[in-house]
Amino acid sequence: MAGTVDSDPTPIAAGPAAASHAAASHAAASHAAASHAATGLQMAGPTGRAVAMIGFMGAGKSTAAVSAAQALGGDAVDLDRVVEQRLGKPIERIFAEDGEGAFRAAEERITLELLGGDGTVEPAGSGRAGPGGRVRVISLGGGALGSARVRDALAAHLAVWIDVDLDTAWGRCQGTGRPLAADRAEFERLFATREPIYAAAADVVVPHQCSNDMASVLAALEGLPATGVGGQGRSGIKLLWATCNSGDYPAYIGPGLLGGHQFWPATVPGRRFLVTDYNAGRLYGEALSPLDGRVTIMPGEQSKTIAHAEIVWSELARAGMTRSDVVAALGGGVVGDLAGFCAATYQRGVRLVQVPTTLVAQVDSAYGGKTGVDLSEAKNYVGAYHQPRAVIADTEALSTLPAAELSAGYAEVVKTALIAGGGLWELVRSGADPAAPAVVTACARTKLRIVAQDERDDGVRQTLNLGHTVGHAIETVTGYATYRHGEAVALGLLAALRLSGNGDLRDEVAALLRARGLPTGLTDVDPDAVVMATARDKKRLGDGPVPFVLLSAPGQARPGSPVAPRELIAAIRELAS
């Protein structure tokens with residue numbers, strides 16, 4: 001049984017609410033998952049290290065701590081409750097009578113005691129790692145990471161960021177008496193200030209919706225190089241937990257997952273059948289061994305067809321693949337889309353692991369479950385939603401890409417940053433390396449947050465199509481042979497910003513794209529043919545017009561926006577001028 005621990009080193013029973021969450025988590029998590037979780041925690045260092053839940057107020061850190069403690073057979077510690085016990089009054093009174101400075105000083109001191117200097121978790125003055133050597137799971141306060149000393153100490157432990165959106169956090173905190181949740185504007189400022197701190201410190205990122213199912217998250221850590229306890233300071237690898245209506249899965253992002261470690265998630269057992277292209281397969285195919293079958297296609301969008309899908313299906317059948325086996329999609333967006341579509345349809349659906357090796361795929365296409373092939377009439381017209389069981393994104397693979405391929409991926413980075421706004425947009429516009437693990441992770445996190453709300457393009461997920469309506473039309477008109485996907489999206493972004501009436505932002509984005517070697521104008525393409533091709537965009541419903549994604553400002557996308565035909569013609573002709 002999991003317990004909760006306050007300042008007394010002796011575990012006490014969880015309260016009714018915590019016990020309820022723990023019981024629900026216990027019922028949902030299998031004994032195997034809990035066993036995997038314990039193994040994953042111990043893999044990177046000595047036992048007795050801490051799991052720390054970090055994140056903004058109202059995220060659900062305390063719930064996550066109880067869930068994780070139960071999965072690990074350990075004890076949950078709520079730092080705020082310990083501070084209250086030590087100071088003899090609730091946090092509201094500490095703020096009112098002693099000031100925030102006094103609270104922060106106590107918070108820092110007690111956090112450092114719990115995260116002992118030798119890496120063990122020990123109640124103040126106890127001199128031991130806890131009753132029976134049990135793992136301690138600590139729920140830190142939302143502002144605890146404002147201390148540089150706490151951030152340094154946390155690097156020796158497993159930091160799990162419970163990621164919550166602003167509106168949910170405000171809805172949970174307003175009117176509760178929390179001192180820092182009295183004013184919405186100040187709440188928003190704190191949220192924006194703290195988010196990059198959480199992102200930098202986190203080894204694992206978990207959506208707030210999953211805070212009561214930590215057993216599955218912890219199980220996914222098994223075998224992960226130099227993470228678990230020990231943190232991203234040693235490996236740079238992050239685990240992002242993806243969630244949607246179809247199910248949850250881990251996305252592993254960081255250097256050396258393929259080349260250095262040959263990592264494969266323990267939560268995806270079974271025989272592996274590789275689908276790859278000649279380039280990725282030659283470089284990384286052996287990293288996914290052992291393989292029971294291998295299908296290799298030619299690189300490029302021309303391979304994303306029904307004819308090539310039939311080749312993949314047939315080769316998998318000849319190799320003896322069954323419904324209990326796994327397709328590993330190794331390569332860029334074309335391989336991921338094609339192999340994912342084949343996995344969705346082969347024997348009515350088999351498991352899939354996406355192993356993206358291009359920038360386009362690592363920041364966008366490998367996540368979210370969209371799979372499909374092109375028709376000569378339109379792009380991505382035949383496909384299925386089929387979520388992967390895991391994503392393995394080795395950022396070191398990006399160093400092997402040709403410059404033009406890396407540039408093409410940059411367009412998707414810019415697109416994602418425009419949708420996200422805030423810190424990611426500031427990072428990208430300042431000239432950050434698009435292949436840096438922090439940028440790749442931030443883009444993936446942005447997409448996963450959106451897909452968690454809308455798996456099947458019924459609402460907010462449509463924002464991810466920014467620039468794609470015109471971009472896909474350009475690819476279709478040119479027979480998928482003239483422009484890489486990212487190059488076409490770059491042009492589509494410029495058209496979308498013109499249609500948004502945002503000329504200054506269009507000029508800034510054009511300069512960013514041009515600096516990375518991306519086209520900012522159409523060459524030898526009939527703009528009127530592109531206009532006509534947009535009418536076949538798959539977002540169109542019935543006899544209605546094609547809905548566009550427009551942008552008021554970074555972070556303020558408007559999906560489903562109507563566009564007057566004359567404005568569309570003018571925006572595309574501008575590209576050709």
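I started with Phe-263, which counts as buried at 3% relative accessibility. This is a predicted model, so I kept in mind that side-chain atom pairs count only at pLDDT 80 or more.

Next I looked up the ring partner of Phe-263. Phe-263 and Tyr-252 form an edge-to-face pair, 4.7 Å centre to centre with 70° between the planes. I traced where the two rings come from: Tyr-252 is in strand E8 (residues 247-254), while Phe-263 is in the loop between E8 and strand E9 (272-277), eleven residues apart. Tyr-252 is buried too, with a relative accessible area of 0%.

Then I went to Trp-313 and Phe-341. Their ring centres are 5.9 Å apart and the planes sit at 50°, so I logged the pair as tilted. Trp-313 belongs to helix H13 (residues 306-318) and Phe-341 to helix H14 (residues 333-345), 28 residues apart in the chain. Which of these is buried and which partly exposed? Phe-341 is buried at 6% relative accessible area, whereas Trp-313 is partly exposed at 25%.

In total I have seven aromatic pairs for the structure. Ring pairs also join Phe-56, Trp-170, Phe-187 and Phe-191 into a cluster. I noted one charge over a ring as well: Arg-516 lies over the face of Tyr-410, at 5.0 Å from the ring centre.

Last, cavities. I found five of 30 Å³ or more, and the largest has a volume of about 80 Å³. Its lining has 13 residues, with Ala-378, Lys-379, His-472, Arg-536 and Asp-537 nearest the centre. Helix H19 (468-477) and helix H22 (527-534) each give two or more residues to that lining, and H19 gives the most, with four. By class I noted four nonpolar, four polar and five charged residues there.

Notes. Residues numbered from 1 in each chain as written. Heavy atoms only, no water. 1 Å grid on protein atoms, 1.4 Å probe; cavity = no way out; pocket = protein on both sides within 12 Å on 5 of 7 lines; lining within 4 Å. Points joined across faces, edges and corners; volume = space filled by probe spheres on them. Nonpolar A, V, L, I, M, F, W, Y, C, P; charged D, E, K, R; others polar. Phe/Tyr/Trp six-rings, centres within 6.5 Å; stacked < 30°, edge-to-face > 60°. Buried < 20%, exposed > 50% of the residue type's maximum accessible area, 1.4 Å probe, protein only. Lys NZ or Arg CZ within 6 Å of the ring centre and 35° of its normal.
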